[in-house]
Amino acid sequence: MQIKAGINKEKTGRNDIFVIAMLSLVFSFMLFIFAPVELYKANHNDMWFDIYTMLSVVVIAFAACFIANFVVLMLLRSFCLPLFKVVFTVEAVCLLCLYIHGNFMVQSLPSLDGHYIVWDKYRLQMVISLVVTVILSAGTAIVIKKLGFKRFYRASSLACLFLFALLSITLMLEIATAGDRHRILAHKTTDSVTVKDEMLYSKEANYIILLLDKVDSSVFNDIALSDNELSAMLDGFTYYRDAMGIFPRTKFAVPLVLTGEKYTNKGYFEDYYRDGLKVSPILNALRENDYEVSLYERESSVTLEEDAAQKYENILSEPLRISSRKAFLGLIMRLVMFKYAPYGLKSLFDAEAVELSGVRDSRCEYPLFSWEDRPFYDMLLNEEVELTDNRIFKFIHLEGAHSPYNLLGDMTVVEDDTSTYEEKARACTQLIKTYLDVLKKNDLYDNSVLVIMADHGEQDGNLTIPHGEFGQNPLLLMKGVGEHHELSISQAPVYFGELQTAFIRLLEGQDGGKAFDAKEGDEVSRLFYYYKMKEEKTFHEYEQQGKAYDNDKFKETGRVLQWEP
C-alpha cells in the first residue's frame with residue numbers, strides 16, 4: 001500500500017504530452033538555438049568558425065535536451081505526480097527568469113574582454129536580479145495557489161507556445177533585417193594565422209613593427225628614465241613622448257595602424273577594414289619593394305581580406321574543424337549563461353569568446369599564432385634565427401600590457417590578475433630588450449627598420465601616475481636603417497593619423513627622428529574618438545591642443561559620430 005501511494009493514478013493524456021512538449025521545446029530552443037545564434041550574430045567577426053559549424057553542434061544539443069527533458073517530465077507525470085508538479089513549476093520559473101535576464105537585463109553586463117571582473121561593482125545589479133527572481137518565484141506560487149495547479153499547467157502550454165513563436169520570429173527578423181546578414185550566413189574562409197617564419201630574417205633588409213597592446217607612454221617614460229639597460233638597448237631609436245592616438249581600444253586602433261584609414265562609424269567595420277588593407281600605403285609599398293609580408297595578428301582581424309593566404313607568408317589555408325565538440329559546446333553555453341543567468345550566478349560562467357580558439361583543430365604544418373607575451377619571449381630565448389636573402393616585413397601584435405595581469409617585470413608568469421598593469425608594462429620592456437638583443441647578436445639590427453609601438457594607452461584608470469585616462473598617449477619608438485645614437489626623446493606633437501607617411505619615409509631610408517613633419521614646439525590640434533566598451537556605435541570626439549598626455553587641454557568638442565549603415 002505504501003508503494004502504491006506514490007504512484008500517479010491519473011491517466012496521462014494528449015494534453016499532458018502537448019504541455020510537456022511545449023515547455024521542453026521552448027526551454028531547449030531558447031538555450032541551444034536562440035541564444036547561441038544571437039551570440040554568433042553579435043560576435044561573428046571574432047569567431048573563427050561560421051554559423052553552420054556552430055549549428056552542427058548546438059542543434060544536436062538542442063535535440064538531446066528536448067528529448068531528455070520531455071522523457072523525464074513524462075515519467076514523473078506518469079509515476080510521481082507530486083514531484084512532477086514541483087519540477088514542472090521550477091522549470092517554468094527558470095525559463096521565465098532566464099528569458100528576462102538574457103533579453104531585458106543586459107545593459108550593465110560586464111565586458112568579456114580579458115579584464116578581471118570586479119563583481120563587487122555589480123552589487124546593485126545583483127540585488128535587482130535577486131528581487132526579479134524572487135518576484136517571479138513568489139508570483140508563480142501565488143498564481144498556483146489562487147488558480148490551482150491544473151489551470152497554471154494548462155496556461156503554461158499557451159505561454160510556452162507564445163514564447164516559442166516570439167523567439168523564432170525575433171531570430172528570423174533579426175537576421176533577415178541585419179545589414180551584414182550576408183556575413184552572418186556566409187561560409188567562412190579557412191585562413192589561419194600561424195607562426196611560420198616568425199624567426200626568419202633577411203640578410204639584406206628587415207622592416208619590423210612590434211606592437212605591444214595597451215602600453216601607455218607615461219608608464220614607459222617612467223621605466224625608461226630609470227632603466228639604463230633599456231636606454232642602451234634602444235640605441236638609434238627616437239622615442240615620441242608626445243604621440244597621440246586616435247582610438248581608445250584595439251578594434252579600431254590596429255586597423256588604423258595597418259591601413260592609415262580612420263574608421264568614422266560609417267558603413268560596416270568589416271568592409272572598411274578589408275578595403276583598407278587592399279589600399280594600405282605601407283603594405284603596397286613593401287610589396288612593390290619585394291618584401292615578403294607577414295602579419296602576426298589575431299585571425300579575425302586580418303583574414304577579412306580576400307586571398308589572405310596568398311598575400312601574407314604566415315597565413316595558411318586549412319579546413320575548419322572542431323577538436324572537441326563537447327568542449328566547444330561547453331564554451332558556447334558558458335557564454336550564453338553569462339548573459340542569461342541571474343547576476344548572482346554569472347561569475348560561474350565567466351568566459352571569453354577568444355577561448356573558443358582553444359577548441360579549433362588545426363592541422364597546419366605550423367602552430368597557430370598566439371598574441372600572448374610569454375610564448376613570444378620563450379621563442380626568443382630558445383629558438384635560433386633563420387636567415388634568407390629575401391627582404392622581410394613583420395607586423396607582430398602582442399598582448400603587451402593588456403589584461404589579464406599575469407606577468408611580473410622579469411617576465412615571471414603568475415596567476416591571472418595577481419600582478420598589476422605597471423608590472424606587465426615593465427615586463428614588456430624586458431621583452432623589448434630581449435628582442436633587440438636577438439637582432440643585435442645576429443647582426444640584424446643595422447639592416448632593420450624598427451618600430452616599437454602600442455595601439456592605444458591605458459584607459460581604465462589602473463595607473464598610479466598621471467596619465468591620459470582615455471588611452472590617447474600610446475607608446476611610439478622608431479629607428480631607421482643603420483641609425484646609431486643615444487636614445488632620443490622627442491616632444492614633437494606627432495599623430496597616429498600620419499603613421500603611414502612615417503612608415504613610408506622609414507622604408508625610403510629616413511631616420512626615425514625625421515619620419516614625421518611635426519617638430520618640437522609646433523602648436524597643433526589633434527582629434528581623438530572615444531567610445532565606451534559595448535557602445536562602439538557612438539564615438540565622442542575630443543580635441544587635444546596641448547601635449548598628448550596633458551589632460552587639462554584634452555576637451556570634448558561636442559561632436560558625436562553615430563553609426564550609419
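Author: Before we start on this predicted model, one convention for helix pairs is needed: angles under 35 degrees count as roughly parallel, over 145 as roughly antiparallel, 65 to 115 as roughly perpendicular, and the rest as oblique.

Reader: Okay, so at what angle do α8 and α18 pack, and how far apart are their axes?

Author: Helix α8 (residues 217-226) and helix α18 (residues 421-441) pack at an angle of about 60°, and their axes are 10 Å apart. The two helices are therefore oblique to each other.

Reader: Is the crossing left-handed or right-handed, and which residues make the contact?

Author: The crossing of α8 past α18 is right-handed. On the α8 side the contact is made by V219, F220 and I223, while α18 contributes Y421, A425, R426, T429 and I432. By class, the residues of this contact comprise 6 nonpolar, 1 polar and 1 charged.

Reader: Switching to sheets, what is the strand order in the one with 7 strands?

Author: That sheet is open, with the order β5-β8-β3-β9-β10-β4-β11, and its pairing is mixed. Strands β5 (291-296) and β11 (488-490) stand at the edges with a single partner strand each, so one side of each is left without a neighbour in the sheet. Ignoring direction, neighbouring strands of this sheet are turned by 15° against each other on average.

Reader: And in the middle of that order, how do β3 and β9 run, and how many bridges join them?

Author: Strand β3 (residues 206-212) and strand β9 (residues 448-453) run parallel and are joined by 6 bridges. In one of these pairings, N206 has S448 in β9 as its bridge partner.

Reader: Which strands do α10 and α19 touch?

Author: Helix α10 (residues 250-259) lies across β3, β5, β8 (391-398) and β9, and runs at about 165° to β8. Helix α19 (residues 499-507) packs on the sheet against β3, β5, β9 and β10 (476-479), with its direction making about 25° with that of β10.

Reader: What about the sheet with β12 in it, which order do its strands take?

Author: Its 3 strands form an open, antiparallel sheet in the order β12-β13-β14. Because β12 (526-530) and β14 (554-562) stand at the edges, each with a single partner strand, one side of each is left without a neighbour in the sheet. The twist from one strand to the next averages 30°.

Reader: How many bridges are there between β13 and β14, and which residue of β14 stands opposite Y542?

Author: Strand β13 (residues 538-544) pairs with β14 in the antiparallel sense over 6 bridges, and Y542 stands opposite E556 of β14.

How values were computed: Residues are numbered from 1 along each chain as its sequence is written. This is a predicted model: local features need pLDDT of at least 70, side-chain atom pairs count only at pLDDT 80 or more; totals for chains, interfaces and linings use all residues. Side-chain values use heavy atoms; hydrogens and water are left out. Two strands pair if DSSP finds at least two bridges between them. Helices (H or I, at least four residues) and strands (E, at least two) are DSSP runs, numbered from the N terminus. Axes are lines fitted to C-alpha atoms, for helices over the stretch in contact, and angles run from 0 to 180 degrees between N-to-C directions. A crossing is left-handed if the near helix is turned anticlockwise from the far one by less than a right angle, and right-handed if clockwise. Contact means heavy atoms within 4.5 Å. Ala, Val, Leu, Ile, Met, Phe, Trp, Tyr, Cys and Pro count as nonpolar, Asp, Glu, Lys and Arg as charged, and the others, Gly among them, as polar.
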